Amino acid sequence: MATPDLIPKVEDPMELFEAWFQEAQTSELNDPDAMSLATSTPDGMPSLRMILLKGHGPDGFAFYTNKESKKGQQIAANARAALCFHWKSLRRQVRVEGVLTEVSEHQADTYFGSRSRESQVAAWASNQSRPMKDRDEFIEKFTSATTKFDGKDVPRPKHWSGFLLTPGMIEFWLDQPHRMHDRLVYKKEGAQWSAERVYP
Ligand SMILES: Cc1cc2nc3c(=O)[nH]c(=O)nc-3n(C[C@H](O)[C@H](O)[C@H](O)COP(=O)(O)O)c2cc1C
């Protein structure tokens, strides 16, 4: 008989993700939506950074960024990527592997429109991942973009958009006493998910 506190085998891992994500909303001190995003250079050097999950559902996991950034350039060359969530308060980890596609213009516009005006202006001021002479240069770019869009809606820069990661693998990890942790790995085969427990 399965131990009651093991990860339940469900048909759809996105539903299990949703349940864990909901719990993290109330338990985490901050940023329950923080996740690491792994991409890689065309010659195989991995690259990792934290980002925020800005949407998820049956289609996958969405985030937003500057397409001209280091990660943006890597994604353009290799759309395969991985995500990792760690909810410290719950002692749980979720790992995801899959393929990235850019979200629609409409979706990017809608999300950009939901951000604060200052964050919208900052998207114009930041040449994300490119060299900056000094902080004054950045503040100057922010101030001049603020002036440029004064009294108008701030449009979404064309280089600022979102990506959807369509998962092919989702792994749930649950802390257990004596490092006898539980891991459940879901793999997508065609339209179906299969689940398999693996040693911790
Ligand atoms: C908690 C946290 C959340 C972040 N969220 C985002 C995000 O949603 N999008 C983003 O472009 N950068 C985000 N960043 C900044 C990235 O970690 C990174 O510095 C930036 O995207 C540049 O990465 P790159 O040079 O690999 O492209 C976040 C950083 C932290 C610590």
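How many bridges pair strand 7 and strand 8, and do the two strands run parallel or antiparallel? Keep that in mind as you open the viewer; we will come to the answer at the third stop. One thing to know before starting is that this is a predicted model.

**Stop 1: the whole chain**

Begin with the protein chain in cartoon view. Its C-alpha trace spans about 65 × 35 × 30 Å along the principal axes. The chain holds five helices and nine strands. If you follow the sequence from its start, the elements come in the pattern α-β-β-β-β-α-β-β-α-α-α-β-β-β.

Now colour by burial. Of the 200 residues in the chain, 22% are buried. Contacts also tell you something about the fold: among those with a separation of 6 or more, 59% join residues that are 24 or more positions apart.

**Stop 2: strand 7**

Next, select strand 7, residues 160–174. This strand is mostly covered, with 11 of its 15 residues buried. Several other strands pair with it, and the next stop visits them one by one.

**Stop 3: the partners of strand 7**

Add strand 8, residues 182–189, to your selection. Here is the answer to the opening question: strand 7 and strand 8 pair in the antiparallel sense, over six bridges. To see one of these pairings, pick F172 and look across to L184, its bridge partner in strand 8.

Then show strand 6, residues 92–102. Strand 6 and strand 7 run antiparallel and are joined by 11 bridges. Click on G98 and you will find P167 of strand 7 standing opposite.

Strand 4, residues 60–66, comes next. This strand also pairs with strand 7 in the antiparallel sense, over six bridges. Try selecting F63, whose bridge partner in strand 7 is F163.

**Stop 4: the nonpolar core**

Show side chains now. In soluble globular proteins, nonpolar side chains tend to be buried together. In this model, the largest nonpolar core has 24 residues. To find it, select L83, V94, V96, L100, F163, L165 and F172, the residues with the most contacts inside this core. Helix 1 (13–27) and strand 1 (34–40) are among the elements that each supply at least two of its residues, as are strand 5 (80–87) and strand 6. Strand 7 gives the most, with six residues.

Centre the view on V96 for a moment. Setting aside residues up to four places away in sequence, V96 touches F61, A82, L83, L165, P167, M169 and I170.

There is also a second, separate core of five residues, which includes V121, A123, V154 and W160.

**Stop 5: helix 4**

Two of those names, V121 and A123, lead to helix 4, residues 117–125. The buried residues here are Q120, V121, A123 and W124. Turn the view so that you look down the axis of helix 4: the buried residues fall within an arc of 150°, so they line one face of the helix. Which exposed residues sit on the face turned away from the buried side of helix 4? Select E118 and S119 to see them. On the buried side, the residues of helix 4 pack against helix 3 (105–114), helix 5 (135–148) and strand 7.

While helix 5 is in view, pick R135, which lies in that helix. R135 counts as exposed because it has 8 C-beta neighbours inside 10 Å. Use the distance tool between the C-alpha atoms of R135 and D175: they are 40 residues apart along the chain and separated by 42 Å.

**Stop 6: around the ligand**

Finally, select the ligand and its surroundings. 16 residues surround the ligand, and the closest are T65, S69, K70, K71 and S129. Strand 2 (46–52), strand 4 and helix 2 (70–77) are the elements that give two or more residues to this shell. The most come from strand 2, which gives five. By type, the shell divides into six nonpolar, six polar and four charged residues.

Stay with helix 2 and click on G72, which lies in this helix. G72 is partly exposed, with 19 other C-beta atoms within 10 Å. Leaving aside its neighbours within four places in sequence, G72 is in contact with T65, N66 and K67. For a last distance, compare G72 with W160: these residues are 88 apart along the chain, while their C-alpha atoms are separated by 9.6 Å.

Conventions. Residues numbered from 1 in each chain as written. Predicted model: local features only at pLDDT ≥ 70, side-chain atom pairs only at ≥ 80, totals over all residues. Near = placed C-beta within 6 Å. Helix = DSSP H or I, 4+ residues; strand = E, 2+ residues; numbered from the N terminus. Nonpolar A, V, L, I, M, F, W, Y, C, P; charged D, E, K, R; others polar. Core = buried A, V, L, I, M, F, W, Y, C linked by C-beta atoms within 7 Å. Buried ≥ 20, exposed ≤ 12 C-beta atoms within 10 Å, placed from the backbone. Contact = placed C-beta atoms within 7 Å. Pairing = 2+ DSSP bridges. Arc of directions from axis to C-beta.
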